[in-house]
Amino acid sequence: MQSETRSIQKQKFYQSTVAAMNAEKATAGDTKASSHLSHTDREQPAFRSSEEYTYTVGDDEEQPAIPRAPPEPQQQLKDSEPVTEEIPIAGRTKMTVTKEKGGDEIKTDAETEAVSVHEDEEEEEEEKKQQKLEHEQQKVKAELNEMLKRSPIVIFSKSYCPFSRKAKTVLLEKYSIVPAPFVVELDQHPLGPQLQSLLGENTGRRTVPNVLVNGRSIGGGDDIVALDEHDELASRLKSLAGKWLQEVERKEADGAN
């Protein structure tokens, strides 16, 4: 029996069968030992390295898992990196222009030059207007000076104005004045509005009539009537006109004598 037993044990089949049974017992022992691990130990992942870790599946089975690689950050445009855009020109041709951060277009050299030319044209136009205005002002001043040279007494009037009519009636009909007063009807003069505006600046009186004696205003229609009624008109005219006024007399006084 013992010799037969030794013969069987030496057979290869018998040895491989015993090895398989021993391996199965060892596996069963390991499984039983792992079942006694605490709940915390079974659920806590055991990190193998910075690139791999394990996680628990079910009660006692662990499987390796590789974490997902973080998504690559979206490449952002640098502040200094230009953004371009194609725009149509003349309906057909396209050109590329650079845009500022935020979408605002940066002007091309051609656009910048066009803006500069436009600004120069505006400045030139404004300068021409200013020169024209100064020329007109000089023309009005010259016209006013010529009028003031015509007589020591100048009546600036308007043909339809009743107050102007009062002043003209007193100075032209009730008095004998040499040289005779010079009358300017502003509503009939081509520079009438400009002359009236200049008179307002020089004399402080912007209405008509405006009676000037030797370039100084003595008032309007009511003022002339009041001076006449107080018998002060002749003396006032003489004091302001000086030697230039050769004669000023009231006609009614001559008739009464």
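A pocket is taken here as an open set of grid points with protein on both sides within 12 Å along at least five of seven lines, and its lining residues are those with an atom within 4 Å of a point. In this predicted model, the largest pocket is lined by Leu133, Glu136, Gln137, Val140, Lys141, Gln194, Ser197, Leu198 and Glu201, and about 180 Å³ of space lies in it. Two elements, helix 4 (109–148) and helix 6, each give two or more residues to this lining, and helix 4 provides the largest share, with five residues. By chemical character, the lining residues of the largest pocket divide into three nonpolar, three polar and three charged.

Helix 6, which contributes to that lining, comprises twelve residues (residues 192–203) and, at 1.5 Å a residue, should span 16 Å; its end C-alpha atoms are 16 Å apart, so the expected and modelled spans agree. Within helix 6, the buried residues are Gly192, Leu195, Gln196, Leu198, Leu199 and Gly200. Of these, Leu198 also belongs to the lining of the largest pocket. Just after helix 6, Gly204 adopts a positive phi of about 80°.

Helix 5 (residues 162–174) was examined in the same way. Its 13 residues should span 18 Å at 1.5 Å a residue, and because the end C-alpha atoms are 17 Å apart, the model agrees with that expectation. Ser164, Ala167, Lys168, Val170 and Leu171 are the buried residues of helix 5, and the elements that cover them include strand 5 (153–157), strand 6 (175–178), strand 7 (182–185) and strand 8 (210–213), together with helix 7 (221–229) and helix 8 (233–241).

Leu171 of helix 5 reappears in the largest nonpolar core, which has 18 residues and in which Leu171, Ile177, Val211, Ile224, Leu233 and Leu237 have the most contacts inside the core. Strand 5, helix 5, strand 6, strand 8, helix 7 and helix 8 each give two or more residues to this core, with helix 8 giving the most, four residues. The surroundings of Ile177 illustrate how such residues are placed: when residues up to four places away in sequence are not counted, Ile177 touches Ile153, Leu171, Leu237, Leu245, Glu247 and Val248. A second core, separate from the one just described, has 14 residues, among them Leu144, Met147, Leu199 and Val208. Leu199, one of the buried residues of helix 6, is thus found in this second core.

Definitions and conventions:
Residues numbered from 1 in each chain as written. Predicted model: local features only at pLDDT ≥ 70, side-chain atom pairs only at ≥ 80, totals over all residues. Heavy atoms only, no water. Expected span 1.5 Å × (residues − 1). Buried < 20%, exposed > 50% of the residue type's maximum accessible area, 1.4 Å probe, protein only. Contact = heavy atoms within 4.5 Å. Core = buried A, V, L, I, M, F, W, Y, C linked by side-chain atoms within 4.5 Å. 1 Å grid on protein atoms, 1.4 Å probe; cavity = no way out; pocket = protein on both sides within 12 Å on 5 of 7 lines; lining within 4 Å. Points joined across faces, edges and corners; volume = space filled by probe spheres on them. Nonpolar A, V, L, I, M, F, W, Y, C, P; charged D, E, K, R; others polar.
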